[in-house]
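Colleague: Please take me through the interior of this model. I want the pocket and the nonpolar packing in one connected account.

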Amino acid sequence: MPTIQTFLLPDLGEGLTDAELLTWLVKVGDTVELNQNIADVETAKASVELPSPYAGTVVALHAEEGATVEVGSPFIDIEVAGAPAPDAPEPTTAEPAPERTPVLVGYGVAAESTGRRRRRLAPVVAVASVPQQERPLAAPPVRYAARRGGVDLKDVQPSGSRGEVTRDDLKRHLSQAPVADPAEPEPRTARPPVTGLDEERTPIKGVRKHTAAAMVQSAFTAPHVTEFITVDVTPMMDLLSKLKQSKHFETVRITPLALVAKALLVALRTNPSLNSSWDEANQEIVTKRYVNLGIAAATPRGLMVPNIKNAHTLGLRDLAQSLVMLTTTAKEGRTGPEDLAAGTITITNVGVFGVDSGTPILNPGEAAILCFGAIRRQPWEYEGEIALRSITTLSLSFDHRLVDGEQGSRFLATIADILSDPISLIALS
């Protein structure tokens, strides 16, 4: 006898309490199979595709697209062809796990065959299956953009390496769409009269909500100190030009940020207090012997700080390659929760926006953040004369509970010395 199973929104990991429903991938009356993706949801950590724990027919959807759904609340009803398998977990019970884990409760993370770090969730229950519906491959942000633009992804020619529709494919499709006949304009909805300022209101949720809360907590918990230093990085830029011409970097995009990151990693060896955290519960300072280097990245979903795990073990070539992969993944909206967790120190590169410097707020749980400003050609005293040199400003914010003024100053000065004399990268590496 058919039974209706109500699937509650599960705990998506790391204590998250809700998720935003981006797109339903099914509708009432659709037949779904076990593990078929039924919705794209976004948490404060990442966008994920949520798979079905049942095979059967969709009879009810309990949330509208764009809504925030609480963990443990009804998500979808599916009519199955019989009782669930005897050993299958019961999704409608909200038993909390004894410890939080960074994966969906009752689920596991299945690696993609291409090795790309897209987060996919696969249930481990076993029930009867039905034929799976064909569905174009695309990242959740691309699906969301397509839905907003009224585009069926089946009509878009994919160019991705796995046959997926990319953001560029969608833009190309939209640019080729026929233009409406001007003689038959689309009806316009009358706007209400403006009685005051013309305003737009955007709900605070997802990544922006998480970032805002984290920054407020950091600003009012850790006593920030920010120091600045202006550096002649002409030698660093000369080295960069030579590296770009080297056969060892033929397939790697080497940038000034890579050299700054390497300088920071070298400077940490003699200034370990900058790679520490404050344990309030145990009243301890925890100094890390590993470096998970965070890079602040502006993405379509807001500010994110993914990190390169064990960056201290990487040579310059591998570090440069990891930076490119990290920023590309973030901008494409494919950053997973594991990429955002356990950072130990951060770099924010405001120079890419033409900004000279800033006073960055610490990433929560870290002792320091380095701000890398724009590199400008300007007059500078060099060997007793005025010359045109490449100049930048570095600023360092640090937690004064963990780092004394002398320690912070020495660390910043060491980074500046390395960049002004990059032979130190070889001598000290």
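Modeller: The pocket comes before the packing here.

This is a predicted model, where local features need pLDDT of at least 70, side-chain atom pairs count only at pLDDT 80 or more, and totals for chains, interfaces and linings use all residues. Residues are numbered from 1 along each chain as its sequence is written, and side-chain values use heavy atoms, with hydrogens and water left out.

The largest pocket holds about 590 Å³ of space. Its lining has 26 residues, and Leu257, Thr327, Lys331, Asn349 and Val352 are the closest to its centre. (A pocket is an open set of points on a 1 Å grid over the protein atoms alone, where a 1.4 Å probe fits, with protein on both sides within 12 Å along at least five of seven lines; lining residues have an atom within 4 Å of a point.) The lining divides into 17 nonpolar, 7 polar and 2 charged residues. H6 (316–331) is among the elements that supply at least two lining residues. H6 gives the most, with 6. (Helices are DSSP runs of H or I, at least four residues.)

Now the packing. The largest nonpolar core has 49 residues. (Such a core is a set of buried residues joined through side-chain atoms within 4.5 Å; buried means under 20% relative accessible area with a 1.4 Å probe, protein chains only.) Leu264, Leu370 and Ile415 are among the residues that touch the most other members. H5, H6 and E18 are among the elements that each supply at least two core residues. H5 gives the most to this core, with 11 residues. Ile415 touches Ala263, Leu264, Ala267, Leu370 and Leu394 (heavy atoms within 4.5 Å), not counting residues up to four places away in sequence.

Notes. Grid points are joined across faces, edges and corners, and a volume is the space filled by probe spheres set on the points. Ala, Val, Leu, Ile, Met, Phe, Trp, Tyr, Cys and Pro count as nonpolar, Asp, Glu, Lys and Arg as charged, and the others, Gly among them, as polar. Buried means under 20% relative accessible area, exposed over 50%, partly exposed in between (1.4 Å probe, protein chains only).
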